[in-house]
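Visitor: Could you take me through a close look at a single part of this chain, and set that part against the whole? I would welcome one connected account.

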Amino acid sequence: MNKAIDFVKQSIGELKKSTWLSRQEVIQSTILVAIVVAIVAVYVSVIDWGLTGLLGKVVGGH
């Protein structure tokens, strides 16, 4: 049990040493991540659509 308490105390001490992002930096990072996710989603969708069409032609679908 003492090891768990020591771990929590050390963790809190390390968190106090951390430098946290400002609110504006968090907002900018979140927007950037959302944009990158949207771009990757569109890219994967286009590749999926193309491969589905190609496979349909190879297999003989409509």
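Guide: A residue is called exposed when its relative accessible area is over 50%, and buried when that area is under 20%. Valine 42 has a relative accessible area of 53% and therefore counts as exposed. The model we are looking at is predicted, and in it valine 42 lies in helix α2, which covers residues 23–59. Going along the chain from valine 42 to valine 58, a step of 16 residues, one finds their C-alpha atoms separated by 24 Å. Tyrosine 43 also belongs to helix α2, and because its relative accessibility is 56%, tyrosine 43 is exposed as well. Tyr43 is, in addition, one of the residues of a nonpolar surface patch, whose members include Val40, Val44, Ile47 and Val58 and which together offer about 1100 Å² of accessible area.

Turning to the whole chain, its secondary structure consists of two helices and zero strands. The C-alpha trace spans about 70 × 35 × 10 Å along its principal axes, and the radius of gyration is 24 Å, whereas a compact globule of 62 residues would have one near 11 Å. Of these 62 residues, 0% count as buried, and the accessible surface of the chain comes to about 6100 Å², with 71% of it belonging to carbon and sulfur atoms. As for charge, the chain carries 6 positive and 4 negative charges, and the mean positions of the two groups are 5 Å apart.

How values were computed: Residues numbered from 1 in each chain as written. Predicted model: local features only at pLDDT ≥ 70, side-chain atom pairs only at ≥ 80, totals over all residues. Heavy atoms only, no water. Helix = DSSP H or I, 4+ residues; strand = E, 2+ residues; numbered from the N terminus. Rg over C-alpha atoms; globule rule 2.2 N^0.38 Å. Buried < 20%, exposed > 50% of the residue type's maximum accessible area, 1.4 Å probe, protein only. Areas by Shrake-Rupley, 256 points an atom, 1.4 Å probe, with all protein chains shown as cover. Lys, Arg positive; Asp, Glu negative; His and termini not counted. Charge placed at Lys NZ, Arg CZ, Asp CG, Glu CD. Patch = residues over 30% accessible without salt bridge, like charges linked within 9 Å, V, L, I, M, F, W, Y side chains within 5 Å. Salt bridge = Lys/Arg side-chain N within 4 Å of Asp/Glu carboxyl O.
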